[in-house]
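Biologist: I am new to this model, so please take me through it one question at a time, and explain each term when it comes up.

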Amino acid sequence: MNTNELKSIINQLGQNARKASRFVAKATTAAKNTALRFAAVEIRNHVDDILQANQQDLNKALQQGLEQSFIDRLTLTHKSIENMAQGLEQIASLPDPVGEITDVARRPSGIEVGKMRVPLGVIAIIYEARPNVTADAAGLCLKSGNACILRGGSEAFYSNQEIAKALHAGLKLAELPTEAIQVLNTTDRAAVGELIKLNQFIDVIVPRGGKGLIERISNEATIPVIKHLDGICHVFIDKSADMNMAIAIADNAKTQRYGTCNTMETLLIHQDIAAQILPPLLTIYQQKGVECRGDTLTRQLVPNMIAATEEDWATEYLAPILSIKIVANISEAIDHIARYSSQHTDAIVTNDWTNANQFLREVDSSSVMVNASTRFADGFEYGLGAEIGISTDKLHARGPVGLEGLTNQKYVVFGHGEIRVG
């Protein structure tokens with residue numbers, strides 16, 4: 001496909017999405033829920049077709065010699081497809097944010113001023129191997145009244161196209177335009193470059209995948225991007241922390257899952273309790289195969305530990321590797337976080353509520369926690385029902401981005417014939 005043909009295809013997708021966005025923005029909650037629930041039924045009815053399409057993708061991936069971890073993310077099973085269907089039903093059960101009016105206040109002039117929640121418009125989502133993202137992302141965009149253009153990884157091409165059929169069947173039954181959910185039907189990598197510059201039709205881009213993909217989108221897009229690059233998360237164990245609680249949190253934050261963006265990568269320990277808490281923690285990490293790398297003070301207590309480098313403090317391992325630093329006080333812990341954190345999630349374990357409040361105020365991350373594992377930084381755990389990703393940006397959405405994060409607010413004014421004078 002030549003450049004002009006590709007430009008034409010992407011441009012047409014944008015036009016179709018913009019037109020469809022006006023229909024879904026005014027769609028009733030009942031219509032959106034009908035589309036989601038029927039799409040779930042279609043996914044269950046066509047599970048064999050989806051598995052067959054997924055096998056085509058897997059065969060291609062194996063021929064290309066892709067890593068096993070990538071193959072695992074690409075693989076669909078009966079269980080994961082059922083989870084996909086249940087995910088759509090869960091989104092249908094969530095409250096509809098669109099049209100909600102809040103903060104209404106009467107002004108001295110007599111007018112009443114409030115805010116109404118409205119869709120963003122057209123959302124482009126660019127993601128990698130996981131085919132389940134196709135259903136999750138489409139469902140969240142539809143429920144929040146947005147049209148979406150989905151560009152999954154070329155490795156999941158056949159799976160994504162089959163899942164899209166079920167989504168379109170749901171839209172048709174609800175009498176909503178199928179163009180509200182469009183999945184690119186080309187594997188041409190140049191399509192991404194065209195998509196992220198389609199300002200006239202796309203309002204927001206959400207990249208989901210590895211750091212390389214997100215950096216590229218962030219650097220090249222001419223459209224606002226909702227994203228996070230790294231998950232360099234910290235847990236600080238304060239001197240007043242309950243020991244059993246601190247050990248449980250530091251264990252869970254690192255070892256519950258290694259490859260997630262809310263996994264702890266650096267453990268900070270107050271110097272007054274380091275000698276007491278390090279031995280039991282290191283025993284746990286050693287039993288679970290976690291490689292620990294320490295600063296000078298840590299290695300004075302544990303001489304055979306690998307020395308942490310400057311690079312370690314700024315690394316998202318996504319692996320059983322942990323950096324450990326002993327700090328003199330909470331201020332040093334906060335300074336370290338300010339320098340190295342990716343502003344994703346950072347936690348303090350403490351029984352000193354003055355220190356807890358200082359940590360909450362001064363740590364500038366999208367999620368800041370007291371006495372809880374960083375692994376809770378997740379849309380479902382926060383009661384959002386589902387999320388389209390995590391944002392570490394400071395404008396519009398921050399933290400887990402659920403339905404509300406895919407909407408914005410406009411001012412609405414209720415008058416009684418008032419006119420402005422003077």
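**Charged pairs, sheets and cysteines**

Modeller: Arg-339 is exposed, with a relative accessible area of 61%; exposed means over 50%, buried under 20% and partly exposed in between, with a 1.4 Å probe and protein chains only. The model is a predicted one, in which local features need pLDDT of at least 70 and side-chain atom pairs count only at pLDDT 80 or more, while totals for chains, interfaces and linings use all residues. Residues are numbered from 1 along each chain as its sequence is written, and side-chain values use heavy atoms, leaving out hydrogens and water.

Biologist: Which residue meets the side chain of Arg-339 in a salt bridge?

Modeller: A salt bridge is taken here as a side-chain nitrogen of Lys or Arg within 4 Å of a carboxyl oxygen of Asp or Glu, and the partner of Arg-339 comes to 3.3 Å, N to O. The pair links distant parts of the chain, 29 residues apart, with Arg-339 in helix 14 (residues 330–340) and its partner in helix 13; helices (H or I, at least four residues) and strands (E, at least two) are DSSP runs, numbered from the N terminus. The partner is partly exposed, with a relative accessible area of 45%, and is Glu-310.

Biologist: Helix 13 also holds Asp-312; which residue meets the side chain of Asp-312 in a salt bridge?

Modeller: The two side chains meet at 2.7 Å, N to O, and the partner of Asp-312 is Arg-293. Arg-293 lies in strand 9 (residues 291–294) and Asp-312 in helix 13 (residues 310–313), so the pair ties together parts that are 19 residues apart in sequence. Asp-312 counts as buried at 5% relative accessibility, and at 19% so does the partner, Arg-293.

Biologist: Which residue is the bridge partner of Arg-293 in strand 11?

Modeller: Strand 9 and strand 11 (residues 321–327) pair in the parallel sense over four bridges, where two strands pair if DSSP finds at least two bridges between them. Within strand 11, the residue that forms the bridge with Arg-293 is Ser-323.

Biologist: At about what angle does helix 10 run to strand 8?

Modeller: Strand 8 belongs to an open sheet of seven strands with parallel pairing, in the order 10-9-11-8-7-12-13. Its edge strands, strand 10 (306–307) and strand 13 (367–370), each pair on one side only. Helix 10 (residues 243–255) packs on this sheet and touches strand 7 (233–237), strand 8 (264–270), strand 11 and strand 12 (345–349), contact meaning heavy atoms within 4.5 Å. Axes are lines fitted to C-alpha atoms, for helices over the stretch in contact, and angles run from 0 to 180 degrees between N-to-C directions, which gives for helix 10 and strand 8 about 160°.

Biologist: Which strands stand at the edges of the open sheet of four strands?

Modeller: This sheet has parallel pairing and the order 5-4-3-6. Each edge strand has a single partner strand, so one side of each is left without a neighbour in the sheet; the two are strand 5 (181–183) and strand 6 (204–208).

Biologist: Why does the salt bridge of Asp-203 with Arg-18 tie together separate parts of the chain?

Modeller: The closest N and O atoms of Asp-203 and Arg-18 are 3.1 Å apart. Asp-203 lies in the loop between helix 8 (190–195) and strand 6, and Arg-18 in helix 1 (residues 3–25), so the parts they join are separated in sequence by 185 residues.

Biologist: How many salt bridges does the rule give?

Modeller: Among the residues joined in this way are Arg-44, Glu-82 and Glu-89, which are linked in a network. By the rule, the number of salt bridges is 17.

Biologist: Which side chains make a polar contact with that of Asp-96?

Modeller: Asp-96 is found in the loop between helix 5 (78–93) and strand 1 (101–106). A polar contact is a pair of N or O atoms within 3.5 Å; within protein, one must be able to donate a hydrogen and the other to accept it, and residues adjacent in sequence count only if both atoms are side-chain atoms. One such partner, at 2.6 Å, is Thr-29, and another, at 2.9 Å, is Lys-32.

Biologist: How many disulfides are counted?

Modeller: A disulfide is a pair of cysteine sulfur atoms within 2.5 Å, and by this rule the count is zero. For Cys-141, the nearest cysteine sulfur, that of Cys-148, is 4.5 Å away, and Cys-141 is buried, with a relative accessible area of 0%. For Cys-233, the nearest cysteine sulfur, that of Cys-261, is 6.9 Å away. The number of disulfides is thus zero.
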